[in-house]
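Trainee: I should like to work through this structure with you, one point at a time.

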Amino acid sequence: MATRRALLAMVTALIGVLAYVIITPALPARAATVRIMPLGDSITGSPGCWRALLWNKLAQGGYTGLDFVGTLPPQGCGVSYDGDNEGHGGALVTNVADQNQLPGWLSTTRPDIVMMHFGTNDVWSNRPTATILAAYGKLVDQMRAANPATKILVAQIIPMNPSTCAECAQRTVALNAAIPGWAQSKTTTQSPIVVVDQWTGFSTAADTYDGVHPNSAGDQKMADKWYPALARLLGTNPPTTPTPTPTPTPTTSTPPPSGTRCSATYKIANSWQGGFGGEVTVRNTGSAPINGWTTTWTFPNGQTITQLWNGAPTQTGSTVTVRNLGYNGNLAASASTVFGFNATWTTTNNPPATITCTPS
């Protein structure tokens, strides 16, 4: 009898456990964060406001659990967004590949998806299309070495028509024509490469402020091109009627209050034989907003600026003056902005002894 009572108790307990398992709902699996690296040059990172528009477009479209990653911080754009990026002003993709710079960035940020708009400075420097594509291939190999399942978006780059390079427009056409074939030969099931056409419908006259770098209209076009391609890699078709992305509203200029001040920090970002890329960070170090700024420095070794973005430069001899543009002059207290440039050098490339910043 005791044995029968013991068996009955065991059966009753087992039925209770089974009932709990059947009735209690399973906890939903927590979605993993998808890490996305925007990779490129100043078009991506200085300030690269298409990233801000894209981030908010994704949020408004219902995409969550995303993390834009990079070793570089956000550089402002007038809206809130995840601004981490790997957009190095003045960088050549061929130099990044030759100098093996990408593996360190990958190790720090561990991206699942890489969005690459790269090659503008290579075209400007007359690097052959085959050499640029070989650099693309090396970077893809490094991405896959870090994460064999990396998904890669590669842009056919936006048009360029700088006043100092009559041949750049056609070189860009040649590069873009070769990218789809390169991507087809390099893509894999585990690590697909998707080509994003950023060239078609983009006007250097209407969509850039200098023939190279996108203005607000160009930023919007770039964000709109990246969005559906990125959404599909995220495993979801984009909504058919996404909420329009707001455009930052310019702030009306007013006379600066007394006591405003700013600082400027000079940095050599990249260097190659006979040339280099630099960045200057302008920061509002006062307690009140400033409505504009002017930086000045003197090159010690006869360096000459050949290209500058996010600022209005003049160079007389060795003295360089850069003023803000319409969209990056207003800085709140402690806020900062960055402009970049390419320049030439001969035997020595020392930085300026001092660089001044004057608010206006």
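The discussion below concerns a predicted model and takes up a buried acidic residue and then the aromatic rings.

Trainee: Which side chain of opposite charge is nearest to aspartate 82, and how far away is it?

Mentor: Aspartate 82 belongs to the loop between strand S2 (66-68) and strand S3 (86-87). This aspartate is buried yet has no salt bridge. A salt bridge would require the charged atoms to lie within 4 Å. The nearest side chain of opposite charge is that of arginine 51, at 7.1 Å.

Trainee: Which backbone nitrogen does the side chain of aspartate 82 reach?

Mentor: Not counting residues up to four places away in sequence, aspartate 82 touches Trp55, Asp67 and Phe68. At 3.0 Å, its side chain reaches the backbone nitrogen of phenylalanine 68.

Trainee: How many aromatic pairs are there, and what is the geometry of tyrosine 266 with phenylalanine 341?

Mentor: A search of the whole structure gives 14 aromatic pairs. In this one, tyrosine 266 of strand S7 and phenylalanine 341 of strand S13 are 75 residues apart in the chain. Their ring centres are 5.9 Å apart and their planes meet at 45 degrees, so the pair is tilted.

Trainee: Is phenylalanine 341 buried or exposed?

Mentor: The cut-off for a buried residue is under 20% relative accessible area. Phenylalanine 341 has 0% relative accessibility and therefore counts as buried.

Trainee: What is the arrangement of the rings of tryptophan 297 and phenylalanine 299?

Mentor: Both residues belong to a cluster linked by ring pairs, which also includes Phe276 and Trp293. The centres of the two rings are 5.8 Å apart, and because their planes are at 85 degrees, the pair is edge-to-face.

Key
Residues are numbered from 1 along each chain as its sequence is written. This is a predicted model: local features need pLDDT of at least 70, side-chain atom pairs count only at pLDDT 80 or more; totals for chains, interfaces and linings use all residues. Side-chain values use heavy atoms; hydrogens and water are left out. Helices (H or I, at least four residues) and strands (E, at least two) are DSSP runs, numbered from the N terminus. Buried means under 20% relative accessible area, exposed over 50%, partly exposed in between (1.4 Å probe, protein chains only). Lys and Arg count as positive and Asp and Glu as negative; His and the chain ends are not counted. A polar contact is a pair of N or O atoms within 3.5 Å; within protein, one must be able to donate a hydrogen and the other to accept it, and residues adjacent in sequence count only if both atoms are side-chain atoms. Contact means heavy atoms within 4.5 Å. Rings of Phe, Tyr and Trp (its six-membered ring) pair if their centres lie within 6.5 Å; planes under 30 degrees apart count as stacked, over 60 as edge-to-face and the rest as tilted.
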